[in-house]
Amino acid sequence: MRKSTANILHTAARHGRVSEVKYAKYGTASALTKDRYNVKRGKYATLTDKDVTFFERIVGKSRILTDAADVEPYNTDWLHSVKGHSQCVLKPKTTEEVSSILKYCNERLLAVCPQGGNTGLAGGSNPVFDEVVISTTLMNNILSFDSLSGVLSCQAGCILENLESYLSERGHLMPLDLGAKGSCHIGGNVSTNAGGLRLVRYGSLHGSVLGIEAALANGDIIDCMSKMKKDNTGYHLKHLFIGSEGTLGFVTKVAINCPVLPKSINVALLGLESYDKVLEMLKTSKRDLGEILSSCEMMDRESLQAVEDNLKLRVPIKDCPFYLLIETAGSNSSHDEEKLSQFLEHALEKNMILDGTQASEPSRIKQIFELRERIAEGLLGDGFFYTYDLSLGAKDFYSVVPILRDHLKHNPKVLRVTGFGHLGMNSSFVPEF
């Protein structure tokens, strides 16, 4: 049976032998992923000059990279933990160009690797072998925005922070917020079903994305760009592409429902003595804050210690074994502040928290959120690290961390094992080498 063109699955990086690989400062991988993990290449064709000439006819010489130095950033992930050896990067601007590229690669049996902002922490957007990288960097146009319905339509290469700024000027916001928002692409967010800091309020992208356009491996274009919240016509094929990571098709356009910008935002950073107290606070926050609760992030002391040590950021409360960052977003500042204050007073009376601070000024809110958003960067300051994004129930959210610490306690290469993430939704556990 003939294989269609789809990006090669990049799962080998999750099963590697760390002791066999040496890394330079900040985790620069010294070996190709295929060699480190003994991955077998599929029966795909090898890129030729004739292929490059054909691609030039589609995208032009200025939008194709073949020089090794120019291609290198696309071969390596943000953590420098995986490394492919692609020899060609294509930068299409339109869906039709993507379609033509995929159709040709499918007929030639050339493997491809879709890539957005390349900000992932699991190496999923990087080639393993010599796949042709198709970057969405230049597919960055905002197509339309309906202020009445709050629906934004854009190309897949739009940077999340740019979309956020565009919407903010129009009184709306993106239902997704990530630490990598300054460089990640909305197409990659959708293709990985990214959760983000606001997941507790707005849910996953399956609920926010109303429409998708995608190019299939054979070049066919699937147009599911509905802009209706309620659309019962036919099958909702868009849900197949959300989280498919490029294996079913190349997402080229997105229509997303964008909530109205809250008039009042408040945050609280709380220190707790145990994970049981964290769970107690989670339950209490859902009950007492209700509809204004927009974010609930958990961090252990080791996570924030890395941020303090390597990024020189200051945690504004005393050292505690666990921290909880809570954000509220509503339409009435006095009502929201009073509700949050009562919640914190209740927590103090019940001895649920050891220390805490509250903020409503944008500058202080930004400073507090930086502690959470820059944890990965802080950990990277020590050297190479592995990060696993695991979806677990709240009760089991942190259970793997002490197990890993015990398992790795005699390994001199392990500096710290930390746990942090969206409480009750998913968590990131980071044994760092």
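A disulfide is taken here as a pair of cysteine sulfur atoms within 2.5 Å.

**View 1. Cysteines of the predicted model, examined for disulfides.** Under this criterion, the count comes to 0 disulfides. Cys113 takes part in none, since the nearest cysteine sulfur, belonging to Cys105, is 12 Å away, to be set against the limit of 2.5 Å. Cys113 has 0% relative accessibility and therefore counts as buried, the threshold being under 20%. Cys296 is likewise in no disulfide; its nearest cysteine sulfur is that of Cys320, at 16 Å. With a relative accessibility of 2%, Cys296 also counts as buried.

**View 2. Helix H10, residues 275-289.** The helix comprises 15 residues, and the distance from its first C-alpha to its last is 20 Å, close to the 21 Å expected at 1.5 Å a residue. Just after H10, Gly290 adopts a positive phi of about 50°.

**View 3. The buried residues of H10 and their surroundings.** Tyr275, Lys277, Val278, Met281, Leu282, Thr284, Ser285 and Leu289 are the buried residues of this helix. An α-helix has 3.6 residues a turn, so residues three or four places apart point the same way. The elements covering the buried residues of H10 include three strands, S10 (264-272), S11 (293-300) and S12 (322-330), together with helix H12 (333-349).

**View 4. The span annotated as "domain: FAD-binding PCMH-type".** UniProt, in an unreviewed entry, lists residues 82-261 under this name. In the model, the end C-alpha atoms of residues 82-261 lie 38 Å apart. Helix makes up 23% of the span and strand 22%.

How values were computed
Residues numbered from 1 in each chain as written. Predicted model: local features only at pLDDT ≥ 70, side-chain atom pairs only at ≥ 80, totals over all residues. Heavy atoms only, no water. UniProt positions renumbered as here; feature names shortened; annotations may be inferred. Helix = DSSP H or I, 4+ residues; strand = E, 2+ residues; numbered from the N terminus. Buried < 20%, exposed > 50% of the residue type's maximum accessible area, 1.4 Å probe, protein only. Expected span 1.5 Å × (residues − 1). Contact = heavy atoms within 4.5 Å.
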